[in-house]
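Morning, everyone. Please have the viewer open, and I'll walk you through this one.

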Amino acid sequence: MYDIVIIGCGVIGAATAYALSRHEGRVLVLEAENDVACGTTKANSAILHAGYDPEPGTRMAKLNVEGVALAKEICARLDVPYRQCGSFVVALSPEDLPRLRHLYENGMANGVPELQLLDGAQARAMEPNLSEDVVGALYAPSAAIVSPWDFALAMAEVAVRNGVELRRSCPVTHICREPDGSYTLTTPAGSVQTRAVINAAGLAAERIHAMVETPNFHIMPTRGEYYLLDKCEGSRVNHVIFQCPNHLGKGVLVAPTVHGNLIVGPNAQPVQGDDTACTADGLAFVKRTAVRSVPGIDFRESIRNFAGVRANVDTDDFVIQQTIPGFIDLAGMKSPALSAAPAIANEALRLLADKDMLGAEKQQYQDGRSRVRFKHLSPAEKAQLVQKDPAYGRVICRCETVTEGEIRDALHSEIPALSIDGVKRRAGAGMGRCQGGFCGPRVLELIHEELGIDPLDVMQDKAGTNVLMCKTKQGGMDNG
Ligand SMILES: Cc1cc2nc3c(=O)[nH]c(=O)nc-3n(C[C@H](O)[C@H](O)[C@H](O)COP(=O)(O)OP(=O)(O)OC[C@H]3O[C@@H](n4cnc5c(N)ncnc54)[C@H](O)[C@@H]3O)c2cc1C
């Protein structure tokens, strides 16, 4: 019997597992995919929003501002790539100015620190590549950029180190509420029993809730498509540049990434389920909208397009509730839920504590995490590391300077990478200009060597994305 089972290990499940791992109790996380952060958490704008967008008095406003401050501390503690670069919302015509003032007033009411309204010239002085059409801007110095999947992974790793169990490739297919109030969760690998359930299943949260009762919320999946540009475009802007938001969301942004690239997007397209296709129309919209605020973007330097799906919800606020004892929803986690995740996790713990379902704080807790990033070391540190382990002297990903030692670390971490993209998310191999064209085959070999997975069974990413289809001749990796 588990005390708590968390369904889903995106940033919300991971943050909740991290918070729960400080407390006594048997906690299990069930994740449908073969890795942490494979859903919306890996495909978004990667902004830790300052907190001026949500209307004052909403749960979203409170948790955004609280969460972004907590996220800053967590990223520092767990060695997650993070940069507090600040953000601008730009007004492209005088008609936008009242909207900027409204956001400023929201932000002041929400407790966002150091907000400033700038005129066009002041904004361009700080961000020279802004359009001449910019007539004003809201500047929020507390906004930041982050590696969203590493944020989730780091919290999940520390949770696992402190006793939380994680089962991957383990989708929950059925839930039964037993007469004693406990829950039996069915998965293809068998069933588990628990006193409490936390539904952090992202786009599937409504479906999970429907397994126990008729949901009182409805998720409306809304896709956002992006361009990711090469590092030569990475300093086109120094801040996150938003346009004025509308009813569809925060609009198309242009922003640096923590990895040194430029991200441009997203649009907002209602879709069915988890449809992450990129479309010619969607990308064309992103392109022509983005250049209104930053005209000089060189889209020929695009190295990847991708899309993420928002779990928009008809309640207009995060759904954090316990409608049945012991069953907690963390649903409708649209933007800014990445920013708010640690505060959302704390809300879940409060709901558990209210029902006497939260264990005492542990006496022994091992927090913190660090990882080797070879390219950021000094020459002396590099030499010392290579002497200790020559694998750090062999560069596998030449675009990003990722070494064999870092890839082996990723394959033996607390939550080991099992796929080529799993290695990419942990070590950065394949994130560069060639997008894994050169290093991919060697990463595949390393997965085979280190984890003993048959090369034919190594996935690019999720289940079914096999890289190799069959042997074309005798020999190969195993027998030379
Ligand atoms: C285009 C876009 C841009 C965004 N930009 C930002 C931003 O800049 N800043 C910000 O704060 N927020 C942003 N967001 C929102 C943010 O990405 C999400 O709020 C956050 O990632 C949601 O995390 P989650 O854990 O709820 O969902 P997910 O990451 O989707 O995790 C849910 C997990 O549940 C698993 N699951 C599903 N069904 C089952 C099952 N039956 N059994 C077990 N596991 C299951 C899934 O596999 C998945 O891993 C953006 C979102 C999008 C789409």
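Start at the ligand. One of its nitrogen atoms sits 2.7 Å from a polar backbone atom of I47. Keep in mind that this is a predicted model.

How much of the ligand's accessible area does the protein cover? The ligand has 1,000 Å² on its own, and the protein covers 95% of that.

Two further backbone contacts go to ligand nitrogen. A polar backbone atom of A32 is 3.1 Å from a nitrogen atom of the ligand. For S45, a backbone N or O atom is 3.2 Å from a ligand nitrogen.

Now the shell. It counts 37 residues around the ligand. The closest are E31, T41, I47, M333 and S339. So I47 appears twice in this talk: in that closest group, and through its backbone, at 2.7 Å.

What is the shell made of, by residue class? There are 20 nonpolar residues, 13 polar and 4 charged. Where do they come from? Helix α1, residues 11-20, supplies at least two of them, and so does α8, residues 337-354. Strands β13, 219-229, and β18, 302-313, each give at least two as well. Hold on to β13 and β18. They come back with the aromatics.

Next, backbone geometry. Two cis peptide bonds to look at.

One joins G265 and P266, with omega about -5 degrees. P266 is in the loop between β16, 262-265, and β17, 269-270.

The other joins S335 and P336, with omega about 15 degrees. P336 is in the loop between β20, 327-331, and α8. That is the α8 that supplies shell residues.

Which residues have positive phi without being glycine? D79 is one, with phi about 55 degrees. D356 is another, at about 60 degrees.

Both are in loops. D79 is between α2, 59-77, and β4, 82-83. D356 is between α8 and α9, the latter being 379-388. Their exposure is worth a look. D79 has a relative accessible area of 22%, so it is partly exposed. D356 reaches 69%, and therefore counts as exposed.

On to salt bridges. The structure holds 39 of them. I'll take a few.

Look at E157. It pairs with R369, closest N and O atoms 2.8 Å apart. E157 is in helix α5, residues 148-161, and R369 is in the loop between α8 and α9, so this bridge ties together parts 212 residues apart in sequence. Are the partners buried or exposed? Both E157 and R369 are buried.

E157 also meets R371, at 3.7 Å, N to O. R371 is in the loop between α8 and α9 too, 214 residues from E157. The relative accessibility of E157 is 3%, so it counts as buried. R371 is at 21%, so it counts as partly exposed; the buried class ends at 20%.

Move to R433 and E301. Their side chains form a salt bridge, 2.9 Å from N to O. This pair also links distant parts of the chain, 132 residues apart. R433 is in the loop between α11, 420-427, and α12, 440-451. E301 is in the loop between α7, 280-293, and β18. R433 has 48% relative accessible area, which means partly exposed. E301 has 17%, which means buried.

There is a network as well. R394, E404, R408, R442, E445, E449 and E450 are linked by salt bridges.

Last topic, aromatics. The structure holds 4 aromatic pairs. Two of interest.

F88 and Y139 have ring centres 5.4 Å apart and planes at 85 degrees, so they are edge-to-face. F88 is in strand β5, 87-91, and Y139 in strand β7, 136-140, 51 residues apart. F88 has 0% relative accessibility, so it is buried. Y139 is buried too, at 14%.

Then Y226 and F306. Ring centres are 4.7 Å apart and planes at 15 degrees, so this pair is stacked. Here are the strands I asked you to remember. Y226 is in β13 and F306 in β18, 80 residues apart. Y226 is buried at 4% relative accessibility, and F306 is buried with 18%.

That's the tour. Questions, please.

Technical notes. Residues numbered from 1 in each chain as written. Predicted model: local features only at pLDDT ≥ 70, side-chain atom pairs only at ≥ 80, totals over all residues. Heavy atoms only, no water. Near = heavy atom within 4 Å. Polar contact = N/O pair within 3.5 Å; in protein donor to acceptor, adjacent residues only side chain to side chain. Areas by Shrake-Rupley, 256 points an atom, 1.4 Å probe, with all protein chains shown as cover. Helix = DSSP H or I, 4+ residues; strand = E, 2+ residues; numbered from the N terminus. Nonpolar A, V, L, I, M, F, W, Y, C, P; charged D, E, K, R; others polar. Buried < 20%, exposed > 50% of the residue type's maximum accessible area, 1.4 Å probe, protein only. Salt bridge = Lys/Arg side-chain N within 4 Å of Asp/Glu carboxyl O. Phe/Tyr/Trp six-rings, centres within 6.5 Å; stacked < 30°, edge-to-face > 60°.
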